[in-house]
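Subject: Structure for your review

Dear colleague,

Please find the structure below, handed over for your consideration. My findings are set out after it.

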2 protein chains.
Amino acid sequence: MNATTPPTAAVIVIGNEVLSGRTQDRNLVFLAERLAALGIPVMEARVIRDEEAAIIAAVDICRATYTYVFTTGGIGPTHDDITSAAIARAFGVPLLRDPRAVGLLQQHYATDQLNEARLKMANIPQGADLLDNPVSRAPGFRLGNVFVLPGVPAIMRAMFDGLAPTLKGGPPVIARTISAFTTEGAIAQPLGEIQAEHPAVEIGSYPFVRAGRLGVSLVVRATDGAAVAAAAQAVSAMLIQAGAEPIEE
Amino acid sequence: MNATTPPTAAVIVIGNEVLSGRTQDRNLVFLAERLAALGIPVMEARVIRDEEAAIIAAVDICRATYTYVFTTGGIGPTHDDITSAAIARAFGVPLLRDPRAVGLLQQHYATDQLNEARLKMANIPQGADLLDNPVSRAPGFRLGNVFVLPGVPAIMRAMFDGLAPTLKGGPPVIARTISAFTTEGAIAQPLGEIQAEHPAVEIGSYPFVRAGRLGVSLVVRATDGAAVAAAAQAVSAMLIQAGAEPIEE
């Protein structure tokens, strides 16, 4: 990344439970929103199985393509937690029992509770920096541009809060949302013209139903605040022209 | 796919709003659960931007790798709905105004409401089969092994219900969930031994907090019901041995 290339990110959700439909992932939406606010747009996300080959393949393509990669899941004590070993393999470094991580677990668990399974959470790829877990101590880690986070949302969020100041963000994305009780089809043509006239902004159109009424939220996004303001103004004027009341949200 | 290869699926969620954190995706969890019940496990999912190159790349790799591919999002009337055109490009076929789709829209919209933007929803890749939309008529479509569905969850679900009988499923996955108020670290070692002794099943371990109490859900999954029963029995016995009460869920 150089000064003229804005940073980007990918999120890799690791877990069979998300792909079986057992679990509704909530980590992507959190990371996406927080990273966007830091000027680090998430460009893609992948949900993959707890399988070494799948983890290595996804991590390798994403770390070569994006400024930052965030993985969630698979760093606990059980047999299906294989993310740390797979990341070590992806980077070609050994997975070692990390004395710093052992020390953190010793603070959290009584000696007779710190069994071999829990000590597995201290197995960290060589050369990684540990990421603080203020909830239950077992750390995540950063290796190169890859941040390896747990899957439990509360712990993942706390860990992200700790690492966020270490990220080099770009200009933050400014978003304005203008909603109206109209339909996409009724405004699609003038909306497309506004998009064409304001190429510096990205305009998204998202239908909704509120209290039984159809509506559309129009989201104008860009890093250039003046461009966002101009496009948002054009969107509001278009909605009024179409007989709808623009509601800034 | 031949008789001995179970079918598989990938889900591609198309939409900047999911990657910006504005929208919590709810389509993957629905498709994953429904496809698993049909014996078509979702092996991976991707969330990508509304960009032609990203759509083509993801569709091409997934349709070559999996039995079925399901995309959601980007088939509405606005300028940011580019999925249909990108799928046509991926398959190397023209995107044409489809008379069948026009007829469906004519049933739904009054003549003076069926403007060019709405007619864009009748632009379908040549050779595609239409997928019925019982909610708002604008169809999805199937081209080869790729099913192109809308992003609005209620419409996507209704459309999936209609197409599901056309899928060739494999043996359905049988899952049993046994929960207990214990911790992953306390049972990880004997649980790993059970997984090793029952290689025909997949055992997942998912921690939870209920009413302030830590617990673990152990999920045993396989297509072989006898194998699932044997492994679930071993899990229950292990939990009792560990001083926890197994709760079948």
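The notes that follow address the two chains, the domains and the helix packing in turn.

Relation of the two chains

Please bear in mind that this is a predicted model. Chain B can be superposed on chain A with an RMSD of 0.0 Å, using a turn of 180° and a shift of 0.0 Å along the axis. The two copies are thus related as by a two-fold rotation axis. Within chain B, the residue that comes closest to this rotation axis is B:Arg46, whose C-alpha lies at 2.2 Å. As for the interface, 100% of the interface residues of chain B are also interface residues in chain A, so the copies meet through the same surface.

Domains

Chain A is divided into domain 1, covering 9-166, and domain 2, covering 174-248. The C-alpha centres of these two domains of chain A are 38 Å apart.

Helix packing in chain B

Three helix pairs in chain B are described here, beginning with H2(B) and H7(B).

H2(B) spans residues 27-37 and H7(B) spans residues 153-163; their axes come within 10 Å and cross at roughly 20°. Since angles under 35 degrees count as roughly parallel, H2(B) and H7(B) are therefore roughly parallel to each other. H2(B) passes H7(B) in a right-handed crossing. On the H2(B) side, the contact involves B:Asn27, B:Phe30, B:Leu31, B:Arg34 and B:Leu35, which meet B:Pro153, B:Met156, B:Arg157, B:Phe160 and B:Asp161 of H7(B). By class, this contact of H2(B) with H7(B) comprises six nonpolar, one polar and three charged residues.

The second pair consists of H3(B), residues 52-65, and H4(B), residues 83-91, whose axes come within 9 Å and cross at roughly 55°. That angle makes H3(B) oblique to H4(B). Their crossing is right-handed. H3(B) contributes B:Glu52, B:Ile55, B:Ile56, B:Val59, B:Asp60 and B:Arg63 to the contact, while H4(B) contributes B:Thr83, B:Ala86, B:Ile87, B:Arg89, B:Ala90 and B:Phe91. Seven nonpolar, one polar and four charged residues make up the contact of H3(B) with H4(B).

The third pair is formed by H8(B), residues 184-197, and H9(B), residues 225-241, which pack at an angle of about 155° with their axes 10 Å apart. This angle makes H8(B) roughly antiparallel to H9(B). The crossing of H8(B) and H9(B) is right-handed. From H8(B), the residues B:Ile187, B:Pro190, B:Leu191 and B:Ile194 meet B:Ala231, B:Ala234, B:Val235, B:Met238 and B:Leu239 of H9(B). The contact of H8(B) with H9(B) has nine nonpolar residues, with no polar and no charged ones.

Yours sincerely

Note on methods
Residues numbered from 1 in each chain as written. Chains lettered and ligands numbered in written order. Predicted model: local features only at pLDDT ≥ 70, side-chain atom pairs only at ≥ 80, totals over all residues. Heavy atoms only, no water. Domains from an automatic or database assignment. Axes fitted to C-alpha atoms, helices over the stretch in contact; angles between N-to-C directions. Helix = DSSP H or I, 4+ residues; strand = E, 2+ residues; numbered from the N terminus. Parallel < 35°, antiparallel > 145°, perpendicular 65-115°, else oblique. Left-handed = near helix turned anticlockwise from the far one by under 90°. Contact = heavy atoms within 4.5 Å. Nonpolar A, V, L, I, M, F, W, Y, C, P; charged D, E, K, R; others polar. Least-squares fit on C-alpha atoms with pLDDT ≥ 70 in both.
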